[in-house]
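Visitor: I should like to take a close look at a single part of this structure. Please describe one helix and its surroundings.

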Amino acid sequence: MGSRFAQSALVDGRSSQSRWLAIIDRIRWLLVGIVGLCLFAILYQRGYDDPYITYRYAHNLAHGLGFVYNPDTPTLSTTAPLFGLILTPIAMLGWSLPLTANVLGCLSHAAGALALWQLGRQWGDTITGGSAALLYLLFPLPLSTLGSETLPAMALTLWVFVWAARGQQVLTGLLLGVLVWLRPDGVLVGPLALLLLMTIDNNWRNPRRWPWPAALIWIGIVIAGMGLAWVVYGRPLPVTLYAKQQQALIPGFFDFGDRLWVTLTAHFAQPLYRMIFYLSVLGLIVSIRSWRWLFLPGWAALYGLAYTWLHVAGYFWYVAPLVIGLAPLFGLGVRFCSDWLRRVGGMRFMVIGVIVLVGGTTLWLGSSVYQLGQQIDQRLTVYRAAGEWLAANTSPTDSVATLEIGIIGYYAQRPMIDFAGLLQPDVAARLGPGGFGEAALYAIDQYRPAYLVLQEQALPLLSGRPDLAERCPVVAEIPDPRYPAPLTIHACRWDE
């Protein structure tokens, strides 16, 4: 009698689960919209300097100046050309590009979480997919890149794997090509997505069933993009790659490996993240029974190796995409625990355990996301004030030199000279042992900007060059809460 009751309860439980899954499937895109807008409501003030370079490309194209940063200077200094093209119609309407980029980022992030859920549904593993989606959605590190192309690129990466898992060769090839235009490192997704296509129905056994259509479409789009870039800009890749490699040579400056280690150490110091990492290691150990999920950690490993080999400067937005590999391993760890709990205490014990584990993680990470929304980069207001002063008090042809060109350049809309080498490759060549100081002095002497925007306490330039201090007096000061001294704007006279 007891056995019949238990079997009946199990059947009822599975039926109820199927109904809930069917409901989620019907409203999944509505949920993406709701979750994405909730994230935006918390994080809408977030931003940082680099994405504003792409915003200026969109602004210039919208105003007939071409897809360039400095008008009449064809240099590809954005690593996200497609993101800039997507934002161009928004710029034509006069809407705020930073806010629009944040909306797109939040919606994309929610869509990325949905992709993990869809992979779980595709592979009959909803516990892994659901747990991975929750971790991906609420892990703060990717959300710290809000405003850039990182979150849309991460989401598109996951959807490439969804369509590859479904055997959709044409769509997989198209998305792979689009991904490279959105972010050049998206080229690393291609080999693994094609390999996933080969595993479906044992396609690898017959060369005629290999994913030739997907590969040809992908390669064709990539070649077309590189050819177009070569024609327009004189080179197939953004100049920023060389600049970031040069920055990594500056003594004391983090490279990718350094940044990854610092990020792991900081997270491992907190109990919740230690638990997440332990579960992920457990998930890796037991993944032999769910090998399809390993395509995502495999991509993360390939990504990390590529960035280590390229030896670029270690910015946080380069590390954030690795969460794509962490999330499914965490999900596999949760599933292993749920299976163990079911064997030990039955279905009810398993449900309670999973709710406590996943629910506690969700609450903790959710509070971290809220705290992230309160941490606003002070450069957003300081640099914007400097850019607006330049826009109001200088001629449109006056050039401006500074260390961080994104926000200042976007609001100033003046020809910019970048001490970090993102716009002028010859300046990037001066980076290395001499650091930003040597590159900055070279840029000033070589290009003779009409204005300088400096924070002397961060990058002392004029204190060691009395001739420059005399030639470039201060004309405006912007209060800068990051330092005791203000951000200063200098007007330079070169005709003497």
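Guide: The following account concerns helix α9 and its packing. The model is predicted, so local features need pLDDT of at least 70, side-chain atom pairs count only at pLDDT 80 or more, and totals for chains, interfaces and linings use all residues. Residues are numbered from 1 along each chain as its sequence is written, and side-chain values use heavy atoms, with hydrogens and water left out.

Helix α9 comprises the 14 residues 169-182; helices are DSSP runs (H or I, at least four residues) numbered from the N terminus. At 1.5 Å a residue, α9 should span 20 Å, and its end C-alpha atoms are indeed 20 Å apart. The expected span is 1.5 Å times one less than the number of residues.

Among the buried residues of α9 are T172, G173, L175 and L182, where buried means under 20% relative accessible area with a 1.4 Å probe, protein chains only. The buried residues of α9 pack against α4 (81-93), α8 (150-165), α10 (189-199) and α11 (212-233).

Helices α4 and α9 pack at an angle of about 85 degrees, with their axes 5 Å apart; axes are lines fitted to C-alpha atoms over the stretch in contact, and angles run from 0 to 180 degrees between N-to-C directions. α4 is therefore roughly perpendicular to α9, a term for angles of 65 to 115 degrees. P81, L82 and F83 of α4 meet V178, W181 and L182 of α9, contact meaning heavy atoms within 4.5 Å. The residues of this contact comprise 6 nonpolar, no polar and no charged; Ala, Val, Leu, Ile, Met, Phe, Trp, Tyr, Cys and Pro count as nonpolar, Asp, Glu, Lys and Arg as charged, and the others as polar.

Methods. Helix = DSSP H or I, 4+ residues; strand = E, 2+ residues; numbered from the N terminus. Buried < 20%, exposed > 50% of the residue type's maximum accessible area, 1.4 Å probe, protein only. Parallel < 35°, antiparallel > 145°, perpendicular 65-115°, else oblique.
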